[in-house]
Amino acid sequence: AEYPGKFAFIIAGLTDTDYLDRIDDLFVEYLRFIPPVILLDESDNNKSLNNILLEVPNYDDRDHIIPVNPIKVSHPIAIFSGFRKKDVLQIVSSYKSIVRESKQLPSLAFAITVPNAMSKPLSQLCNEIYGDFENNTGRTFPIM
């Protein structure tokens, strides 16, 4: 099963290139290639996921580009768009193992695209992701 949306990995609140390189390593390990990685900017805050995914036809001007004004979030978020379920599960599991064992990567609130989320403003979506993350981990975050 594939999740809806154009194929991309969307990140809010994580701009360290060493961390991004480690995430790319996981993509190579499980997918055998590196997907487009979109790092969110403050200007994305009121856009929907659909708009962010559709506004750049081939992602060239956003793929792995650190934004000048990264979006401010209370905890880093990573959103899988268009990935297969098995790939998401493998990548998330491996990422969490690295976090647990080495503390070399920050904890991320992972999410997948679902049809009813595609048209919501990113600010609203982030708060919903935090709600899900809090329910699953018991950790709380301030609403942005």
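Here are some notes on this predicted model, going from the overall fold to a handful of residues worth clicking on.

1. **Overall layout.** The protein has 4 helices and 4 strands, and along the sequence they alternate as β-α-β-α-β-α-β-α. If you consider contacts between residues at least 6 apart in sequence, 78% of them join residues at least 24 apart. A few of those long-range pairings come up again below.

2. **Burial and surface.** Of the 144 residues, 44% are buried. The accessible surface adds up to about 7,500 Å², and carbon and sulfur atoms account for 51% of that.

3. **The second largest pocket.** Its volume is about 160 Å³. The lining has 10 residues, and the ones closest to the centre are Val88, Leu89, Val92, Phe110 and Ile112. Two elements, α3 (85-102) and β4 (109-112), each put at least two residues into that lining, with α3 giving the most at 5 residues. What is the chemical make-up of the wall, in terms of nonpolar, polar and charged residues? The split is 8 nonpolar, 1 polar and 1 charged.

4. **Phe110, on the pocket wall.** Phe110 sits in strand β4 and is among the residues closest to the centre of the second largest pocket. Its relative accessibility is 21%, so Phe110 counts as partly exposed; the buried class stops at under 20%. Beyond its sequence neighbours within four places, Phe110 is in contact with Phe9, Ala78, Phe80, Val92, Tyr95 and Lys96. Val92 in that set is also one of the residues closest to the pocket centre. For a long-range pairing, take Phe110 and Ile11: they are 99 residues apart along the chain, with 9.4 Å between their C-alpha atoms.

5. **Leu122, fully covered.** Leu122 belongs to helix α4 (residues 122-137). Its relative accessible area is 0%, so Leu122 is buried. Setting aside neighbours within four places, the contacts of Leu122 are Leu40, Asp44, Asn45, Lys47, Leu49, Ile52 and Ile71. Leu40 is 82 residues away from Leu122 in sequence, yet the C-alpha to C-alpha distance is 9.6 Å.

6. **Ser48, just ahead of α2.** You'll find Ser48 in the loop between β2 (37-39) and α2 (49-54). With a relative accessible area of 8%, Ser48 is buried. A polar atom of the Ser48 side chain lies 3.0 Å from the backbone nitrogen of Asn51. Away from its local neighbours (within four places), Ser48 is in contact with Met118, Ser119, Lys120 and Pro121.

7. **Lys120, a buried lysine.** Lys120 is in the loop between β4 and α4. Is Lys120 buried or exposed? At 19% relative accessibility, Lys120 counts as buried, because the cut-off is under 20%. That places it close to the limit, so I'd read the label alongside the value. The side chain of Lys120 makes a polar contact of 2.8 Å with the side chain of Glu128. Not counting residues up to four places away, Lys120 touches Lys47, Ser48, Leu49, Leu125 and Glu128. Ser48 from the previous point is thus one of its partners.

8. **Two positive phi angles.** Neither of these residues is a glycine. Arg32 has phi near 75 degrees and lies in the loop between α1 (17-31) and β2. At 67% relative accessibility, Arg32 counts as exposed. His64 has phi of about 60 degrees and is placed in the loop between α2 and β3 (77-81). With a relative accessible area of 28%, His64 is partly exposed.

9. **Asp18, on the outside of α1.** Asp18 lies in helix α1 and is exposed, with a relative accessible area of 52%. Asp18 and Leu105 are 87 residues apart in sequence, and their C-alpha atoms are 9.0 Å apart in space.

Note on methods. Residues are numbered from 1 along each chain as its sequence is written. This is a predicted model: local features need pLDDT of at least 70, side-chain atom pairs count only at pLDDT 80 or more; totals for chains, interfaces and linings use all residues. Side-chain values use heavy atoms; hydrogens and water are left out. Buried means under 20% relative accessible area, exposed over 50%, partly exposed in between (1.4 Å probe, protein chains only). Contact means heavy atoms within 4.5 Å. Accessible areas come from the Shrake-Rupley method with a 1.4 Å probe; for residues, only the protein chains shown count as cover. On a 1 Å grid over the protein atoms alone, a cavity is a set of points where a 1.4 Å probe fits but cannot get out, and a pocket is an open set with protein on both sides within 12 Å along at least five of seven lines; lining residues have an atom within 4 Å of a point. Grid points are joined across faces, edges and corners, and a volume is the space filled by probe spheres set on the points. Ala, Val, Leu, Ile, Met, Phe, Trp, Tyr, Cys and Pro count as nonpolar, Asp, Glu, Lys and Arg as charged, and the others, Gly among them, as polar. A polar contact is a pair of N or O atoms within 3.5 Å; within protein, one must be able to donate a hydrogen and the other to accept it, and residues adjacent in sequence count only if both atoms are side-chain atoms.
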